[in-house]
Structure formats: structure tokens, C-alpha cells
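Let's take a look at how the parts of this structure sit against one another. Have the view open as you read along.

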Amino acid sequence: MNEKIFRLKTFEKASYCRHFEEEVIKNLKLKNINIPTYVSAGQEFIAASMATICEDLKIKPLIFGQHRCHSIYISFGGDKVKLIDELLGRKTGCTKGMGGSASIASKEINMFGHDGLMGSNGPIGVGACFATNHPTIVFLGDAAAEEDYVLGGLGWASTKNIPLITVVEDNNLSILTEKKVRRNWEMSDVAKSFKMQGYNIDDDPIDLLKYSEIFFKKPCLLNVNTNRIFWHAGAGKDSDDTFDRYEEEKKRLGEDALAIDKKIKEEIKNLWKKQLEK
Amino acid sequence: MEKTVREIIKETSRDHIKKNNSLIFGQCLSAVGWVGGTVPELTEKEGLIELSMADVANGGIVAGAGLSNRRPIYVIRYQGFNWFNASIILNYACKSKEIWNVPCPIFIRGIAMEGSIGPVAGSSQHSIYFKMPGIKIISPMTPNEYLIAYKDFMKNDDVMYVSEHRGSYSNTKELNDHLDDNLDLILFPISITRFEAQKAKIELEKEGYKIGIANILWIKPFLIKKEWEKAVIKSKFGGVVLDDDYTDGVASNLAYQLIKRTKKNFEVMGLKDRSAGFSKTTDNLPPSKEEIIKKCKEIIDKKGKL
Ligand SMILES: Cc1ncc(C[n+]2csc(CCOP(=O)(O)OP(=O)(O)O)c2C)c(N)n1
């Protein structure tokens, strides 16, 4: 795919994610949302890029995310109204109020729910991929990836040579504990030691696109460095100068991006407004 | 010729794979003996899947396979390994239907045995699963009971924990309840204790005690049969629940349910509250015929005298 078109398509998805999360933040502050909420703003280009690549490959993968999963759901085409309802604790939510923010699922987009035990989606995704031989993506945080069972599952996935992509959304934090305090190794090296392709890259969409040639052919792992803008859970910020990929892409893409941003901001605002009025 | 439990398990597993394009997962399945002769001798291509030693991950892998609706069978060679294997099964597979409306049917074969095999390999561990929602637990000891378990699994879409015992694998006979209206005491045995309970009953009856037996096949859901309830209410001293697991779990809970229903006294017997070792003197075995007899006499004689 042409680089500019890919960037724009990905930006459009990211824009839906970003403006959705902006509304989430607003409604957390207004106490319209009253559940533990894990905002993915800052990290949205990972899911958005993966979804754009999958669309281009005409593949509808099985998706196994973890608690910070709004961007995954939205990027892969999950019904936004149903997610709003879910966050508001309504029966009409995508998981009928059972999933909240952390455990959402959608049969329409092949997205399976998460049980709240960090990393369980690692081996579960491996098993689903093995049993179906269907392209599968597991999204993990950099801390969840440390779970022993994630590593056991990865080793087996490599041995069985299944069409699995493991994406580590590496925001460097486990709540507030930095990676360097927790470990002196990288997941991309772990993948390589399991004899699977492993890469350590940035969340620039083009970096992800570069590796799309190997997707779903053999198991691979992408450790994608990214930034979480808001708190682990809730609406606060740890810092005001966190690097923001969304702003960077907006600047890079210029007028086209500004137009997309404006249009989607309005669209998402209205969506929330309408649901809140119900 | 009558079939053994072992043959039934093996045949059922083979048919299950063939008819349903299913999978059998486990560790070292093709090792000497093919898990006591219960696993069909198939290749990985045919559906017999060797897992690595990553027990916690393995439970997750099987849960993931369950989502595909291929209805995998998961062989856990020693029930004690469930401490690692059960975590993702219980927290994901068992909750998936309720939370996300995505069933995750898995047939878990947890296998018990005992005698000089140390602190983790011995005995049944169905109590690990018992307290959690979304699971059925059954402990078949006869050929027909095994088929009941399998048919129920195929008719529904639940996670099923099948608490097997190697001591039953050569059994060909069905085990019937023995109940009537004027019993002293009724034994409610689970798993391998059902065989000792039968022997204890015969011995006790020789000495004039009137002992009934109500075989517990379904542990969860635990349904108290009408005829059990009636016989207990009419009995002199209530009953004893016998288990091959520690008593602070399934046994005590079922006894509680029976007490609530019948307002009669119930006692429990199971593993002693200590770890097992690797020798005859340090074993922790389920209640033997002799221990059951002693307990029954204690209850009947003590209360009979009052
Ligand atoms: C098995 C387990 N251990 C610990 C926790 C508590 N916990 C919830 S989120 C979290 C940090 C997760 O960090 P990471 O996987 O990097 O994802 P992020 O929050 O950064 O997106 C922890 C420790 C948990 N939910 N499950």
C-alpha cells in the first residue's frame, strides 16, 4: 500500500480511538462513568496500524486483547455505541454490562474478552490459533508479557508454527513501575530465543507496515514502544509532556489529517451526547 | 465380554476425535502405557496434541482451543497438577459463556491415584474446581457412568471436570445404591472410596449393622435424589460423606447440603489434614474399608447408647 494512503487510513482509525477516549475522560470526570477505566490514548496507533494492515490483507483475525483495549475494539470495527453503553454499565453494551472497560468482547469482529488476569490472553490466543489455524493477534502490555504462562505459550506457538502475531504494547509501565526495574531483557529477544521472529520497534505506523510481509505466515512478536498519556486507570495524567504520536501524525499529514480530526471529533461527540441523553 | 472403564475411555476418546474433528491435549501422552491405556494411540496429525511442560500456559492453550468449539479433551495425569493447570480454565473457560456468551466446552480428565507418590501427585483434587462457577464436576467409576459423563458433555456446552481414578480403570461392573427405610447409617462415597464403601457395608452387615450406600456420581451440580433424602430421613443416624480429597472442600460442602435438606447428622471422611510422603508410613490415603467400619461403629454405637 502507498505510504501516504496507509498513514491516512491509520490516522482515521486512530482519530476515532483518540476522540472516543477524550469523551471517556470527560465522562469519567463528570462521573457518568463509574467503573475502573483503562484509557488507551497515546497507544492507539498500534491497534490502528494492525487493523489497517489486516484490512489490506483481507484478513479478519481472531483478536485477544487485555484490559487496555478500547483502541483495539474501535480500530477493528467494534460498534462504538455499544462500547459507550458498556462503559455506562447498560444491558445494551457490547458485553451487556459484564465487561466494563477491561473485559469487552465482540463476536462481530472476532474479539474475545479478557478475564482480568494479566497475560492469560497470551496462551488462550495461542490455543485458539492452534485449534482453528486462523490468523490470530494477541495484544499484551509490557508487564503482562512477563507472566510465566505468556512465555510458555509463546514457546509452544513457535514449536507448532501457527499463524500468530503477538503484539506487545510497550508503554514502559506496569501501573507506575518502569520496565528497567522489573527486568533487564526485551521481549523481542525472548521471541528470538524461542526461534520466532521478534522485533523491537516504534509505534510509527510505517514501522508496523514494514513487517506486514511476515504476518500470519509464521508466529512472530512485535514489541512496539509507545506512550500512555493518561493514568493507568482513570482520567488523570502523570506528565504533561508525554510524547503524543497522534499530534505528530496530525502535523505530518497536514490538511488531510486536520479535516479527518475535525470531522471525527464532531461525530464521536454527538454519539456520546445521544447515548447520554437516553 | 464386559468392557472396562479403561476401554470405554479409550474408545470414547477415539470416536470423539474422529467424529467431531476434536483434539486431545496433554503432556507425555504417548509415554509408556498411554496414560494407563486410556488414550488412543494416534498421531498429532490425527489429533493427539503433545503440550510442553508449561502447565499454567497449557491450561490457557486448552481454554483457547475450547473457544474454537472443537470440544477438546484435556488429560491431566495427576490431579495435583491442577494447581497450575486449573487457573486459566477456571477463570476464563468457565466464565466465557456467562460473561461473553461464548461457550468454551472442554472435557478435562483429571486422573487420581495414590500410594507412595508424594505430596502433589496423589489423590483427587476436585475441590480446587468446586467453589467456582461455570463448571460441572463428575466422578465416574463405572463404564456406564463414563458414558453418562461424555454424553452430558456433548449435549451441553459446559466445561466438565471428570475426576477419574486409576483404581477404577479395570472395573467392568456398575455400582448400585443400596437403600431402604430402616437403615442405621448411609454412606455417600465419592470416587475410589465407592469400592471400599461396598466392602465396608458387607462386613458391617455381617455384624448386624444396617448400612446403606448412595453413590455420588455428580459432584457439581450436586442433586440430592428423592430416594436418598427419604432413606436418610428414615435412618437412625444420618450419613457419612467419603472422599478421596481433603475433607475441607467437596466432602464438607456436600455434607452441609445433605444436613440442610434432611436435618440429619452427617460426618465426613477423606484425606487427613497433612501432606503425603513417598512411603507406606507417610502416605495419605482415602478412607479404607477398616477406617470406614470403625467410623460407622463409632457413630452407631455411641449414638445408639444414648
Ligand atoms: C495476574 C495479574 N497480576 C497482576 C494484576 C494487577 N495489574 C493489573 S494491570 C497491571 C499492569 C499491567 O501492565 P501492562 O501489561 O504493561 O499493561 P498496561 O496497563 O501498561 O497497558 C497489573 C500489575 C492483574 N490484573 N493480573
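In this predicted model, the C-alpha centres of domain 1 and domain 2 of chain B lie 27 Å apart. As for where those bounds fall, domain 1 of chain B covers 5-168 and domain 2 of chain B covers 185-305.

**Inside chain B**

On the domain 1 side of chain B, 31 residues are in contact with 30 residues of domain 2 of chain B. Put together, domain 1 and domain 2 of chain B bury about 2300 Å² between them, with 60% of that on carbon and sulfur atoms. Three residues are worth picking out here: S116(B), F130(B) and M141(B) supply 26% of the area that domain 1 of chain B buries against domain 2 of chain B, more than any other three residues.

There's one salt bridge between domain 1 and domain 2 of chain B. You'll find R194(B) paired with E145(B) in a salt bridge, and their closest N and O atoms are 2.5 Å apart. Polar contacts turn up as well, with 13 residue pairs across this domain interface, both residues at pLDDT 80 or more.

Which elements of domain 1 of chain B each supply at least two residues of the side that touches domain 2 of chain B? They are α5 (118-121), α6 (127-130), β5 (135-138), α7 (143-155) and β6 (159-165) of chain B. β5(B) gives the most, with four residues. By type, the residues on this side of domain 1 of chain B split into 13 nonpolar, 13 polar and five charged.

**Between chain A and chain B**

Now for the two chains. Here 26 residues of chain A are in contact with 26 residues of chain B. Chain A and chain B bury about 2000 Å² between them, 74% of it on carbon and sulfur atoms. I124(A), A131(A) and W156(A) supply 26% of the area that chain A buries against chain B, more than any other three residues.

Across this chain interface there is one salt bridge, and six residue pairs are in polar contact, both at pLDDT 80 or more. On the chain A side, the elements giving two or more residues are α5 (121-132) and α6 (148-160) of chain A. The largest share, eight residues, comes from α5(A). The chain A residues that touch chain B divide into 14 nonpolar, nine polar and three charged.

Here are the two salt bridges side by side:

| Interface | Salt bridge | N to O distance |
|---|---|---|
| Chain A and chain B | K160(A) and E44(B) | 3.0 Å |
| Domain 1 and domain 2 of chain B | R194(B) and E145(B) | 2.5 Å |

Terms used. Residues numbered from 1 in each chain as written. Chains lettered and ligands numbered in written order. Predicted model: local features only at pLDDT ≥ 70, side-chain atom pairs only at ≥ 80, totals over all residues. Heavy atoms only, no water. Contact = heavy atoms within 4.5 Å. Buried area = accessible area lost by both parts, 1.4 Å probe. Salt bridge = Lys/Arg side-chain N within 4 Å of Asp/Glu carboxyl O. Polar contact = N/O pair within 3.5 Å; in protein donor to acceptor, adjacent residues only side chain to side chain. Nonpolar A, V, L, I, M, F, W, Y, C, P; charged D, E, K, R; others polar. Domains from an automatic or database assignment.
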